[in-house]
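This report addresses two topics: the contacts between protein and nucleic acid, and the setting of one helix. Please consult the sequence and structure shown here while reading.

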Amino acid sequence: MKAFDLIKHNQQIAVLCNNHLVDLDQEISDDQQCKPIDFNHPLGKDVYWHTSAHILAHAVLNLFPGTKLGVGPAVEEGFYYDFIPPQPFTPEDLENIEQEMKKIIEENIEIHRFEKTTRETIDLLNEQQQELKIELIENFQEPFSFYQQGNFCDLCRGPHLRSTGKVKAVKILSVAAAYWKGDEKNKSMQRIYGVSFPSPKELKSHLHMLEEAKKRDHRKLGKKLDIFGIYEEAGPGLIYWHKGGTVIRKEIENLWISEHRQRGYNFVTTPHIAKADLWKISGHLDYYKENMYLLEDGQYVLKPMNCPEHILIFKNEQKSYKDLPYKMAELGTVYRKERSGVLHGMLRVRGFTQDDAHIFCTYPQLQNEIIEVLELGLGWIKRFGYEKFQLDLSLRDPGQQEKYAGTEEDWLKAEQALASAMDEMNLEYRRMEGEAVFYGPKIDFQLQDAIGRTWQGTTCQVDFNLPRRFDLKYTGADGQDHYVIMIHRAIMGSVERFVGGLIEHYSGNFPFWLAPEQLRIIPITDNQHNFAEQLKNKLIDQEVRCTIDKRSEKVGYKIRDAETSRVPLMAIIGEREVESESVSLRVHQQGDQGTVNAETLVGMCKEKIEEGRKPL
RNA sequence: GCCGGUGUAGCUCAGCUGGUAGAGCAGCGCAUUCGUAAUGCGCAGGUAGGCGGUUCGAAUCCGCCCAUCGGCUCCA
């Protein structure tokens, strides 16, 4: 029988045999484990979106004959197709393309697969004048498969849906440039992104979700909640922390400092500039120069990293094995000359503060140090409400060992220490072959936020390179000198990026201990202003960040203002409350909570603050 | 850096094919003293991102620059 025969109803769109997608026309035998899947299966989405990409290309060729096709895969949130059109697409073109796609879907054209030899493939692609596709087949072996739908035919591995009508709801999302084969030396193409679903309802809810995500954008909320600003006249990529952001930042820094103090880190403070000589030794001047700001005709460098400066302090005194592990921490502000097109709010900037630390240790100490870093990282992300995360262990590319610093033994020991640290903690992780930086293997946390986006969290990297460049040695119990092992680690990465991520994760609704304004007192009339002042003083005595809204507006107005400003607590005070020395408590997004005694309120606030600030 | 889009009042945005700038919110003033998401009236606010060009005339058309958005590439 054919795979297609397994499909029993409309929702099923593809067939898996031995966990691989097969073409629906393929003959299958009984000994294969075959089952039909629907859109909700990740591979089902793949097929669905891949066919949608073909429909997109079909539509583009119908409207813009002569367009060259690149590649058009399914991606995590939909699909794209790369084109070289006769003219760049305009926004109106995109609308027309979407309409044309809908037409192709309505026609419900059957999709067929056929195979060709190399010779035939080249002939066919030449006939279609799709030269880029000919470049593509160089990496594959014959026979080559094609998928045909009406007058459109595309070189493609497949599989695909049975017909274009299976796609029920489609939306073009954006157009952007992309380089052919992802290499900026190659020609630039126009990439159209889209998404599709088996029902208009699902499409609508997906688009709604995208809208909601936009509302969380830290750039938008950052402005609205007075968290940060970037000033054109002062330069792009440079963050000005406003009063709200500075409150958040200081709370986070305080927690960070106390956690590191408890773990025996030594705090240091280092200058923002250093002579080029230092960066020559570290190697940055050779391989990182295009990202560095040079001063005084290149004699000085605005630091892009803290490590060389920390190393100087470490080296200042001769170290013995008794001094190790030696842990050095700094909230160190660095500057990197990022390309203009990559800047993005607080997430990608030119000046940022790394929550940096360097651990100098011996091989036997390595694993425990890694465990301590991972534990700190886990506690940290939990405190900030991240529930899901993924650990990645980046390893060498076994194919090209020559590009790495350090000896074979170094790598084995370090990779072993990183892996067994995670094993000991019963943490699951992905092994990422070839993802390691040249100086050593590392572990990264990938955090997932409240709406499923991922953020880079804690990172823990072993470095074999700098200890050798700076000749970092300690005297062992054997009286001999040995190279120290250096760990670079950051719990947040950078304060800017972490806070930018937090804004979106919390959607601006910060937990009480972080909220820039924690409580707003709302007197109903001027008669309550005295009592409001007394209450405010009591709250401020307990370090509660609170204000009084004395404007001559109605309560409804003041409440609305406090709600849209995302103030966690509102204390409404009228005549009744003054008499009973209480407040009418309202919780942000939850509404009226009834009457609470004023003293109780102060205690509650104090407790909530302590809860947020308590050790991890 | 590259491709495309955008840049009008503090914010969000209108302004047809060139005829000399407008709304809501915020702000300020006055009135109002009010019970859980917007009280009314009034006032003020703009070198239209910058520079140059076309034109009798430019927010509008053209060029360059800057910033920004979506991506590519790179990254904390």
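Which atom of Glu-575 lies 3.0 Å from a base oxygen of RNA strand B? In this predicted model, a backbone N or O atom of Glu-575 is found at that separation.

## Polar contacts with the RNA

Two side chains also approach RNA strand B through N or O atoms. That of Arg-339 is 3.1 Å from a base oxygen, while that of Glu-232 is 3.4 Å from a sugar or linking oxygen.

## The surface near the RNA

RNA strand B is surrounded by 54 residues, of which Tyr-179, Arg-348, Arg-560, Glu-577 and Ser-584 come nearest. Of the RNA atoms within 4 Å of the protein, 44% belong to sugar and phosphate.

By class, this surface comprises 20 charged, 18 nonpolar and 16 polar residues. Helix 16 supplies the largest share, seven residues. Elements that each contribute at least two residues include strand 10 (169-179), strand 11 (188-197), helix 17 (575-579) and strand 31 (582-587).

## The two sides of helix 3

Helix 3 spans residues 118-128, and its buried residues are Thr-121, Leu-124 and Leu-125. These residues lie on the same side of helix 3 because they cover an arc of only 95° around the axis. Arg-119 and Glu-127, on the other side, are exposed.

The cover over the buried residues of helix 3 includes strand 7 (111-116), helix 4 (131-137), strand 8 (144-149) and strand 9 (152-155). Just after helix 3, Gln-129 adopts a positive phi of about 55°.

Definitions and conventions
Residues are numbered from 1 along each chain as its sequence is written. Chains are lettered from A and ligands numbered from 1 in the order in which they are written. This is a predicted model: local features need pLDDT of at least 70, side-chain atom pairs count only at pLDDT 80 or more; totals for chains, interfaces and linings use all residues. Side-chain values use heavy atoms; hydrogens and water are left out. A residue is near a molecule or strand if one of its heavy atoms lies within 4 Å of it. A polar contact is a pair of N or O atoms within 3.5 Å; within protein, one must be able to donate a hydrogen and the other to accept it, and residues adjacent in sequence count only if both atoms are side-chain atoms. Helices (H or I, at least four residues) and strands (E, at least two) are DSSP runs, numbered from the N terminus. Ala, Val, Leu, Ile, Met, Phe, Trp, Tyr, Cys and Pro count as nonpolar, Asp, Glu, Lys and Arg as charged, and the others, Gly among them, as polar. Buried means under 20% relative accessible area, exposed over 50%, partly exposed in between (1.4 Å probe, protein chains only). The arc is that of the directions from the helix axis to the C-beta atoms. Contact means heavy atoms within 4.5 Å.
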